[in-house]
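Work through the exercises below with the sequence and coordinates at hand. Each task is followed by a stepwise solution.

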Amino acid sequence: MSQKNPFTVKKIIANTLWLYSEKGLRILSSFVIGLWVARYLGVEQFGQYNFALAIITIMSVFSTLGLDWILVKELSENKDNKDTLIGSCLAVKLCGAFVSHTLSIVLCLILRPGDGLMLTLITILGANFYFRWWETLEVWFQISLRSAKPVRMKSLIILVTAGLKTYLILRSASMMAFAVVFLFDALLTCVMIVYIYRADGNRLRNLRVELKVVKNLFSQSWPIMFNTICGILYTQIDRVLLGNVHGMTEVGIYTVYVQLIQISKLAVASHNLSINPILIRNYKNDPSDYWTCLLYTSPSPRDKRQS
């Protein structure tokens, strides 16, 4: 193994630990504050809130389109074309945000005709699509294993959001107020990501959109998009079915139990975000070094000294 790999492994470990910390804080906050919100709202209203979130999550696939994973690959291989790649991805995801929001409302009208409360809730929650597309800028920090900046920012936002939810509970606020906080979280994340991206020496005015790049991104992303659709349906469709068949009370009870198993997704997701850019670059530059790097960054309990 080359001498540069130990340094790379250290960067991967440090970057992964930062990602662990953010995801761990998010899961802890979601669990603790989520249970408190569930107790405050009651199972019926908590079920309504999570029914709306399930619809929003299902339709979010049209706002992400699996493009961020492809953007990691493209930026790892061609950093010089950064502005065109990021700009094209942002343009596509902005169009996807409009599609996702519209389809969320349409699906609500189909599943819950005449339910004005649910329509209002989904309209508010779905507006977050117009802010989440800016999270594509975070990919720039992921490929260079500098996730510390966005992670610190996101951790701060998690604490702010948790504080706002606590305040709403103490002030006996309505369910719609929690939906507004959800939207505020997306807005604040958008502002902070744009800020740290510019503070890193990048300029938004340099971003460009090229049709050829858009087509290339789409041609590579559709298998990931299909996989994402399957994964989201697997995790969210049960809430929609429960709400339509048995009512919102069952959705509320079910959601509380589902939160208990979210921690299992933490390790693999964070590890993959850290090692993907390194593996892509190694495979392009030296396929033989790719397998060495894969061995050293694998989370499996293998004796790495044999390499």
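**Exercise 1: Trp-36**

Task: Classify Trp-36 as buried, partly exposed or exposed, and state which residues distant in sequence it touches.

Solution. Step 1: The relative accessibility of Trp-36 is 36%. Buried requires a value under 20% and exposed a value over 50%, so Trp-36 counts as partly exposed. This is a predicted model, and the values in all exercises are computed from it.

Step 2: Trp-36 is part of helix α1. Beyond residues up to four places away in sequence, Trp-36 touches Thr-166, Ile-169 and Leu-170.

Step 3: The C-alpha atoms of Trp-36 and Lys-165 are 9.3 Å apart, although 129 residues separate the two along the chain.

**Exercise 2: The chain as a whole**

Task: State how many helices and strands the chain has, and what share of its residues counts as buried.

Solution. Step 1: There are 13 helices and 0 strands. Read from the N terminus, each element in the order is therefore an α.

Step 2: The chain has 307 residues, and 45% of them count as buried. Its accessible surface is about 15,500 Å², with 65% belonging to carbon and sulfur atoms.

Step 3: Among contacts with a separation of 6 or more, 83% join residues 24 or more positions apart.

**Exercise 3: The pairing of α3 and α4**

Task: Determine how α3 and α4 are oriented to each other, parallel or antiparallel, and which residues make the contact.

Solution. Step 1: Helix α3 covers residues 67-77 and helix α4 residues 82-111; they pack at about 175°, with axes 10 Å apart.

Step 2: An angle over 145 degrees counts as roughly antiparallel, so α3 and α4 are roughly antiparallel to each other.

Step 3: On the α3 side the contact is made by Leu-67, Asp-68, Leu-71, Glu-74 and Leu-75. On the α4 side it is made by Lys-82, Leu-85, Ile-86, Cys-89, Val-92 and Lys-93. By class, this contact of α3 with α4 has 7 nonpolar, no polar and 4 charged residues.

**Exercise 4: The largest nonpolar core**

Task: State how many residues the largest nonpolar core has and which helix gives the largest share of it. Then list what Leu-75 contacts and what Ala-52 contacts.

Solution. Step 1: The largest nonpolar core has 65 residues. Helix α1 (residues 4-59) supplies the largest share, 13 residues.

Step 2: The residues with the most contacts inside this core are Tyr-49, Leu-75, Ile-86, Met-118, Leu-121, Leu-125 and Leu-137.

Step 3: With neighbours within four places in sequence left aside, Leu-75 is in contact with Lys-82, Leu-85, Ile-86, Val-139, Trp-140 and Ile-143.

Step 4: Ala-52, in helix α1, has a relative accessibility of 0% and so counts as buried. With neighbours within four places left aside, its contacts are Met-118, Leu-121, Ile-122 and Leu-125. Ala-52 and Gly-126 are 74 residues apart in sequence, and their C-alpha atoms are 9.0 Å apart.

**Exercise 5: Three further residues**

Task: Decide whether Cys-108 is buried or exposed, and do likewise for Ser-60 and Lys-154. Give the contacts of Cys-108, Ser-60 and Lys-154, not counting residues up to four places away in sequence.

Solution. Step 1: Cys-108 is in helix α4 and is buried, at 0% relative accessible area. Cys-108 touches Pro-113, Met-118, Leu-119 and Ile-122. The C-alpha atoms of Cys-108 and Leu-121 are separated by 10.0 Å.

Step 2: Ser-60 lies in the loop between α1 and α2. Its relative accessibility is 17%, so Ser-60 counts as buried. Ser-60 touches Ser-100, Phe-129 and Ile-232. From Ser-60 to Ser-104, 44 residues along the chain, the C-alpha separation is 8.8 Å.

Step 3: Lys-154 is in helix α8 (residues 148-170). With a relative accessible area of 13%, Lys-154 is buried. Lys-154 touches Glu-22, Arg-26 and Glu-138.

**Exercise 6: Backbone at Ser-172**

Task: State where Ser-172 lies and what its phi is near.

Solution. Step 1: Ser-172 is in the loop between α8 and α9. At 56% relative accessibility, Ser-172 counts as exposed.

Step 2: Its phi is near 55°, a positive value in a residue other than glycine. Most residues other than glycine have a negative phi.

Terms used:
Residues numbered from 1 in each chain as written. Predicted model: local features only at pLDDT ≥ 70, side-chain atom pairs only at ≥ 80, totals over all residues. Heavy atoms only, no water. Axes fitted to C-alpha atoms, helices over the stretch in contact; angles between N-to-C directions. Helix = DSSP H or I, 4+ residues; strand = E, 2+ residues; numbered from the N terminus. Parallel < 35°, antiparallel > 145°, perpendicular 65-115°, else oblique. Contact = heavy atoms within 4.5 Å. Nonpolar A, V, L, I, M, F, W, Y, C, P; charged D, E, K, R; others polar. Core = buried A, V, L, I, M, F, W, Y, C linked by side-chain atoms within 4.5 Å. Buried < 20%, exposed > 50% of the residue type's maximum accessible area, 1.4 Å probe, protein only. Areas by Shrake-Rupley, 256 points an atom, 1.4 Å probe, with all protein chains shown as cover.
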